[in-house]
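Me: I should be grateful for a close look at one part of this model, namely the surface through which the two chains meet. Please set it in the context of the rest of the chain.

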Protein chains: 2
Amino acid sequence: MFESAELGHKVDKATYDAEVPKLREALLDAQFDLAEKGKFPVIILIGGVDGAGRGETVNLLNEWMDPRFLQTHGMGDPSDEEMERPMMWRFWRALPPKGRVGVFMGSWYTWPILNRALGFTKAAELDQSLERAKRLEKMLTDEGALIIKFWLHLSKDKQEKRLKALEKNPKTRWRVTKRDWDHFKRYDKFLTIHESVIRHTSTAEAPWIVVEGEDARYRGLTVGKVILEAIRKRLDEADKKKTSVRAAPLLPPIDKLNILETLDLTQKLDKKKFEVALEKYQGKLSMLTRDPRFRQITVVTVFEGNDAAGKGGSIRRITGALEARLYQVVPIAAPTEEERAQPYLWRFWRHVPRKGRVTVFDRSWYGRVLVERVENFCSESDWMRAYGEINDFEAQLTRHNTVVVKFWLTISKEEQLRRFKAREKIGFKRFKITEEDWRNREKWDAYEQAIGDMVDRTSTEAAPWTLVEANDKNFARIKILKTLCQRIESAMKKLK
Amino acid sequence: MFESAELGHKVDKATYDAEVPKLREALLDAQFDLAEKGKFPVIILIGGVDGAGRGETVNLLNEWMDPRFLQTHGMGDPSDEEMERPMMWRFWRALPPKGRVGVFMGSWYTWPILNRALGFTKAAELDQSLERAKRLEKMLTDEGALIIKFWLHLSKDKQEKRLKALEKNPKTRWRVTKRDWDHFKRYDKFLTIHESVIRHTSTAEAPWIVVEGEDARYRGLTVGKVILEAIRKRLDEADKKKTSVRAAPLLPPIDKLNILETLDLTQKLDKKKFEVALEKYQGKLSMLTRDPRFRQITVVTVFEGNDAAGKGGSIRRITGALEARLYQVVPIAAPTEEERAQPYLWRFWRHVPRKGRVTVFDRSWYGRVLVERVENFCSESDWMRAYGEINDFEAQLTRHNTVVVKFWLTISKEEQLRRFKAREKIGFKRFKITEEDWRNREKWDAYEQAIGDMVDRTSTEAAPWTLVEANDKNFARIKILKTLCQRIESAMKKLK
């Protein structure tokens with residue numbers, strides 16, 4: 001795996017001095033085109049062993065390239081705001097938007113490797129982390145990102161020599177820490193792990209580039225040229241369209257039997273029973289959020305449903321039971337300019353709450369496999385891969401003690417018509433039925449199929465869908481409150 | 001001051017039950033209009049004494065209004081990311097965008113009041129805080145925000161009764177803490193301070209509304225109606241234009257003597273001396289940022305200057321001396337959609353770095369009094385008030401151990417022409433001279449006057465402007481590096 005990176009690659013000073021000015025100009029020009037055309041972000045990971053020149057490489061890139069369109073992220077110890085969210089939150093908040101370059105020293109590989117080398121995790125756990133990293137990178141590249149992963153390598157002898165040399169020089173002594181020597185003692189153990197990481201995560205979308213780290217000139221020129229070529233190649237390709245789906249089509253609706261049609265929409269709750277139940281479950285929800293254990297979990301709820309199915313009213317029955325400072329309702333409308341410059345999950349990651357908080361999404365990331373699918377706002381391959389990406393996203397949340405509660409509110413086509421007509425008679429503008437609502441209604445069948453596929457593919461054990469029969473508002477609201485209480489209760493019981 | 005809020009206001013249940021549904025409908029409708037027209041944000045502060053119903057009021061607003069367009073901020077203890085920035089950073093990051101409502105429990109008044117009541121600060125310091133609060137609110141309202149400040153009051157007897165009642169009820173017992181009783185013991189002291197705060201900060205733009213807190217129905221109806229009326233009134237006004245400047249005009253350029261013309265642009269540094277000096281000051285800057293004391297300060301540098309004055313090259317000479325993960329270069333271009341929905345300083349606040357970091361602004365908030373003034377992108381009253389607002393902003397930074405270093409790079413009109421022509425000959429697109437550059441050049445005199453006013457009005461002791469003679473690039477780069485080193489050094493010396 002590291003054979004080519006132990007050959008003793010070297011570049012002499014004359015060659016270097018001749019090459020660098022051209023390379024710099026070309027890099028700046030590529031960066032300018034990238035910023036101007038702005039179609040994709042460039043994510044550069046700089047990994048490798050201590051002393052192999054990660055820091056110097058990052059500094060060199062900052063010197064060669066235009067620092068206005070490049071951001072470097074040190075990714076040292078996480079802040080408390082970061083600790084209260086899933087590990088990936090800090091990377092999502094640092095992702096470069098389209099047209100920019102983000103350089104990461106320390107990446108989603110850093111902690112899995114360290115934890116394994118120091119014996120905190122088992123081999124199987126490392127494998128799991130690597131699978132997750134691969135899926136993340138696949139998603140980013142599918143969303144258009146260019147990912148360039150460098151691994152700076154040194155053989156054991158060379159690493160020892162390098163650390164000693166750095167220690168000898170008073171100007172660089174500060175860079176060698178006790179931790180570096182501790183790691184050096186475990187060189188062989190690290191090597192095995194590094195090899196496994198590189199083997200498992202060198203994918204077609206985002207291969208590792210292993211670079212011999214000893215000679216600074218060779219290292220710098222190699223890294224610079226790889227980046228230049230990668231950006232140029234992608235810029236040339238950017239104009240070409242590609243929307244090939246190689247997958248088989250999803251389950252066709254042969255017999256029109258759909259999961260939604262198995263629901264009993266006649267279920268009702270009369271006003272008296274409703275009021276008793278409402279007090280009971282709102283009181284319970286209120287008490288649960290005041291339990292000291294609640295501070296160790298996070299709650300994310302998702303509301304999806306037919307137009308006029310009563311999402312707003314159901315949400316207010318939840319928020320009415322909560323301290324106002326504990327929750328946030330996030331209505332999902334069209335993405336903003338800053339959101340459009342990022343992968344589609346970015347605008348949801350930014351609202352992931354800290355511990356002890358509740359976030360209610362009024363519509364959500366499921367728009368990708370519902371409206372975007374039905375209305376052809378994205379390509380088939382985009383929404384096809386979204387099922388897996390969404391499951392990965394929710395799995396990250398649930399692994400971090402987040403209770404993910406997803407409600408689909410179903411009403412019958414007749415009930416919707418009744419509500420639309422009733423709303424048209426009301427004066428208040430906020431209930432206005434728009435042209436769009438009527439248009440959506442015409443696509444009822446297409447939506448039903450999309451909903452069925454969504455439930456089949458994203459109802460997981462950790463984050464199941466709750467289908468809510470919503471023809472009767474009282475029945476729906478109680479079912480929602482009750483489900484939410486149960487989920488929070490069971491999550492708190494599982495805490496150590 | 002509190003007379004009307006100790007009269008024993010009450011609303012009977014029948015009246016309340018009759019009024020509330022109408023009020024809720026009207027509030028929702030107003031909120032809908034606000035969201036749809038989207039011209040201004042609504043900032044609601046809920047202050048007052050313990051037990052006067054701040055929490056209930058906030059929850060009530062969340063129940064009555066549409067939680068999708070309303071955000072509540074608890075503003076408890078700051079997180080570590082917030083502690084590393086000026087106090088106001090956490091409020092800036094929580095400000096509602098245009099069209100939305102933000103409810104703040106705890107505000108920029110909370111800590112000044114507490115610190116004074118507990119004897120940590122003197123009366124004069126409280127006064128200073130209040131002046132700052134007033135200027136902040138003036139700026140926000142000038143930027144179009146609607147600020148509604150409620151103060152919920154209870155007389156001493158009533159507060160005691162209320163706290164005891166809350167304690168007696170098992171359902172509300174948790175809400176009364178030891179701190180509440182500690183504060184109660186200091187009721188008179190707090191009262192004096194509250195009175196002073198309300199008197200000093202009840203301005204024409206943002207008056208305090210003191211509401212008697214005892215009767216929940218009276219309190220709720222009053223708060224709801226004030227909010228409704230305020231939003232409605234502003235919505236009606238929103239269409240009317242108002243750009244009246246009542247101030248005298250600034251210093252006219254009678255004799256054409258301008259501060260920029262006092263600069264000796266013939267100053268030069270030959271290549272050899274430059275290279276020696278460059279190594280010296282880059283080395284020094286590098287050492288300074290590695291000093292342990294550097295972790296207690298923050299560095300914000302601003303680069304402004306004529307087109308083609310060499311800002312980019314100067315910035316690279318600074319970043320070249322820094323660890324890449326310690327700095328960020330923020331190029332200021334046209335604001336994004338999310339930025340346009342906020343006061344103009346918001347997009348700079350969001351980039352204020354934490355401790356031990358350097359942020360370089362390539363162009364900055366001074367655009368307001370330069371390009372926006374000269375090109376009439378904002379009204380005269382807007383840029384006239386910007387001088388004071390900018391000084392307030394920078395004062396907040398410097399009070400928080402931030403070194404604010406501002407460079408204006410000056411070249412002569414002839415030198416600019418020479419550089420423009422030279423650039424036109426270069427193939428690289430990034431150096432392209434645009435139509436806009438030529439147009440700016442035609443407004444040379446207007447810019448000169450704007451620059452003079454800017455320096456006169458915003459060069460403060462804590463955040464002075466450094467005018468850089470930039471006809472010779474070497475001279476300019478060394479002057480910049482040297483100044484930056486001096487400023488950092490002197491800031492570190494002042495640390496305790």
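Reply: The account below begins with the confidence of the model, turns to the contact between the chains, and then follows chain A inward.

The structure is a predicted model. Chain A has a mean pLDDT of 91, with 96% of its residues at 70 or more. For the complex, the predictor gives an ipTM of 0.81 and a pTM of 0.86.

Chain A is superposed on chain B by a rotation of 180° with 0.0 Å of shift along the axis, at an RMSD of 0.0 Å. The two copies are thus related as by a two-fold rotation axis. Across the contact, 37 residues of chain A meet 37 residues of chain B. Several elements of chain A each supply at least two residues to the side that touches chain B. Among them are helix 1 (13-37), helix 2 (54-64) and strand 2, together with helix 12 (311-319) and strand 7 (327-331). Helix 3 (80-83) and helix 13 (337-340) of chain A also belong to this group. By class, this side of chain A comprises 15 charged, 11 polar and 11 nonpolar residues. Of the interface residues of chain A, 100% are also interface residues in chain B, so the copies meet through the same surface.

Strand 2 leads from this contact into a sheet. In chain A, five strands form an open sheet with parallel pairing, in the order 2-3-1-4-5. Strand 2 (70-73) and strand 5 (208-212) of chain A are the edge strands, each pairing on one side only. From one strand to the next, the twist averages 20°. At the strand 5 edge, strand 4 (residues 146-153) of chain A runs parallel to strand 5 and is joined to it by five bridges. Within strand 5 of chain A, A:Val210 stands opposite A:Trp151.

A further contact lies within the chain itself. The domain assignment divides chain A into domain 1 (3-237) and domain 2 (259-494). The C-alpha centres of these two domains of chain A are 40 Å apart, and 17 residues of domain 1 are in contact with 18 residues of domain 2. On the domain 1 side of chain A, the elements giving two or more residues are helix 4 (89-92) and helix 6 (123-142). Helix 6 of chain A gives the most, with five residues. The domain 1 side of this contact in chain A has nine charged residues, eight nonpolar and no polar ones.

How values were computed:
Residues numbered from 1 in each chain as written. Chains lettered and ligands numbered in written order. Predicted model: local features only at pLDDT ≥ 70, side-chain atom pairs only at ≥ 80, totals over all residues. Pairing = 2+ DSSP bridges. Helix = DSSP H or I, 4+ residues; strand = E, 2+ residues; numbered from the N terminus. Axes fitted to C-alpha atoms, helices over the stretch in contact; angles between N-to-C directions. Least-squares fit on C-alpha atoms with pLDDT ≥ 70 in both. Contact = placed C-beta atoms within 7 Å. Nonpolar A, V, L, I, M, F, W, Y, C, P; charged D, E, K, R; others polar. pLDDT = per-residue confidence, 0-100. Domains from an automatic or database assignment.
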